[in-house]
Amino acid sequence: MEADASHSDKKLLEKFSGCGKSIGVLTSGGDAQGMNAAVRAVVRMGIYAGSKVYFIHEGYQGMVDGGQHIIEAKWQDVSSILQVGGTVIGSARCKEFRTREGRKKAAYNLVKRGITNLCVIGGDGSLTGANLFREDWKGLLQELVNNNEIDKATAEKYNYLNVVGMVGSIDNDFCGTDMTIGTDSALHRIIEVVDAIMTTAQSHQRTFVLEVMGRHCGYLALVSALACGADWVFIPESPPGDGWEDQLCQKLSENRSQGTRVNIIIVAEGAIDRKGNPISSTIVKDLVVKRLGFDTRVTILGHVQRGGTPSAFDRILASRMGVEAVLALLEASVTTPACVVSLSGNQAIRVPLMECVQMTQEVQKAMDEKKFDEAVKLRGRSFENNLNIYKSLSHRKTEGELPCSNFTVAVLNVGAPAAGMNAAVRSAVRTGISEGHRMLAVTDGFDGFMKGQIKEVKWGDVGGWVGQGGSLLGTKRTLPAKNAAAIAEQIRLHNISAIMLIGGFEAYLGILELSAARTTYDDFCIPMVMVPATVSNNVPGSDFSIGADTALNAITDTCDRIKQSASGTKRRVFIIETMGGYCGYLASMSGLSAGADIAYIFEEKFDIRELQSNVEHLTGKMKTTVQRGLVLRNENCNENYTTDFIYQLYSEEGKGVFDCRKNVLGHMQQGGSPSPFDRNFGTKIAAKAMQWISKKLKETYRQGRVFANSPDSACVLGMRRRTLVYQPVAQLKKETDFQHRIPKEQWWLKLRPLMKILAKYKISYDVSDAGQIEHVPQLRNPLQDSQQSITI
């Protein structure tokens, strides 16, 4: 499976071949799920690029102690660790490393092995320590020369140290990256507990107070509150105002009077009031019991949040960051500053380490000085958006607080169900009500629209929807063009001023047909926006769709179990068929997250020669200590090379070496409770879409009616690279392959080589986009708005 290696200036094999750099990788500080995926990526990418890679066990303590704590890593040493939580190379606090003498010992141990490139996976303390080590390096080597521990030639040969960091922290408390390794997995643990608690709480009409981690950062508490629709959340960056006790009790009492059987309150462990006094889960519980007499329980999640298998998001994030960290080290020179590999939108970028540390410290400084509004802004635009959206969706305005609006907005789901759709509907309805609109829910998509299955929906009607899978409104694949007259009549009957569609490719086709029908029916001359929601992630105009992350986790979980089965039986290859239509997103990304050997997709053509090459690759693998294989196939990747054909081919060609099993995952990928990512992405993108509708309604309201027929009044709201973008559907037509129902260009195809590299295929890898160091924009202006990001 050799790929074209032309354009050597852009290809990794040619660019770094024979560079001879030695890389040390360590994990330090608190453990986080996904660290092992990062270690695996560093080891395999380093070996692939021709470098020696060394494990440094037990973090900085192992670096100081040396000996067997620093050992060369082989390719197979990182097999079977992708799905393991924590860190297999260990982590430990090290007081000795904080001293110059300790750092001198560490420098000696590294120089002895020729290691002058460090990849550090940890929090801000670990990364700050690495930067100090780098700054001290020359002086430390000179002291070693003066003490006759190394000679002058050795000191000159290894005269500088390069450092690249990856942030492993479940708290997501490090500025300069949208997401840290482990945060998404911690959210999974929290939401699993909340969902489980919901059932018992409803049975007994109980109030539950959940304490989550976050001593200095409220990210976990805030996002989990969004993801479960909590009644109240306490975070250190935004303490409640005076009189919060009365407001909390009043809200809980009102919710109970409206028929709610359960109340959920989430408390970050570092929560405080405006005076800096701690607000603990026990204090909140005692308040509720004393004032309201509600049956109240406290659950402190503790280290459960650090445990368990890493989510698909964390595995992919850590793998991408690990590869980018190796590239950064290979490109580094004596003048290159220590940097952190970060996530911005869906882009892996490099940011100067100390700029990130400085910004992180600025947040704590603002909190210490009780400048809480500034602290929220310094956390970043995404954090601020999360907080604002939570407030708007959890606080029901009184009639007197609502703005005056005579507009009616209809919401409907179109196409196949996707986990997170209900969270999007809830967000759209409540945001619309807060904007003063009358909100209508259409059941069963366009089929229900033409039949008049439309009813008004109130604030309380969507309570508890955020965690529900599927589509509670009902959804069908019916398109509107053939029934345009009937739909136009329903728009007139219900005086509908705007439409929000939540769905996949059918929703995209639907909004195209509605906008085209404007030439025949004036009733369609209203603002229309589509929010992408499909497990296939094949909507033009958006890099991500609601539901795809949940499907990825379902596939990854199944692959983990299958790999475990294969480990027990030995010499077995599993062929797994995934959904996605003609879009290979699920197969490719789950292949990266599950550690597959290959993933066949429609977008990347393959033939019988490649199939034979893959069989030979697996045959060679069976001769190593890793005697199992995992092959993924997108359902429509090839008309002739079906799952049965590939299974039979592998079975025949692997006879005597390995046996095969096949598994078609089917609709389990669409089911289940939505992941934290999908809940929050659905919540935020639907709220943004409704705000766009409100803006367009004001712009297009003339002479007592709404009239919108410009191209930009029918849009898809999607995530493109780093920003949420409203894109006219008319413009997206030229970006669409309508025959195969996919965008013509898809960003994730650039990640395909990573899966192959990490599976030990010798291919070329384009690094033309690498090497750019960006700066933290807030350092120029702490209150400056940054771009809207994908952060969940």
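This report describes one parallel sheet with two helices lying across it, and one helix pair, in a predicted model.

## The four-stranded sheet

Four strands form an open sheet in the order β19-β20-β18-β21, and their pairing is parallel. Its edges are β19 (598-600) and β21 (659-664), each of which pairs on one side only. On average, neighbouring strands of the sheet are turned by 20° against each other, direction ignored.

Within the sheet, β18 covers residues 572-578 and β20 covers residues 628-634. These two strands pair in the parallel sense over 7 bridges. R572 stands opposite R628 in β20.

## Helices across the sheet

Helix α20, residues 585-594, lies across β18, β19 and β20. Its direction is at about 160° to β20.

Helix α21, residues 608-621, also lies across β18, β19 and β20. The angle between α21 and β20 is about 155°.

## The α7 and α8 pair

Helix α7 (residues 183-204) packs with helix α8 (residues 219-228) at an angle of about 45°, and their axes are 10 Å apart. Because of this angle, α7 is oblique to α8. The crossing of the two helices is right-handed.

On the α7 side, the contact is made by T183, A186, L187, I190, I191, V194 and M198. Helix α8 contributes Y219, L220, V223, S224, A227 and C228. The residues of this contact divide into 11 nonpolar and 2 polar, with no charged residue.

Terms used
Residues numbered from 1 in each chain as written. Predicted model: local features only at pLDDT ≥ 70, side-chain atom pairs only at ≥ 80, totals over all residues. Heavy atoms only, no water. Pairing = 2+ DSSP bridges. Axes fitted to C-alpha atoms, helices over the stretch in contact; angles between N-to-C directions. Contact = heavy atoms within 4.5 Å. Parallel < 35°, antiparallel > 145°, perpendicular 65-115°, else oblique. Left-handed = near helix turned anticlockwise from the far one by under 90°. Nonpolar A, V, L, I, M, F, W, Y, C, P; charged D, E, K, R; others polar.
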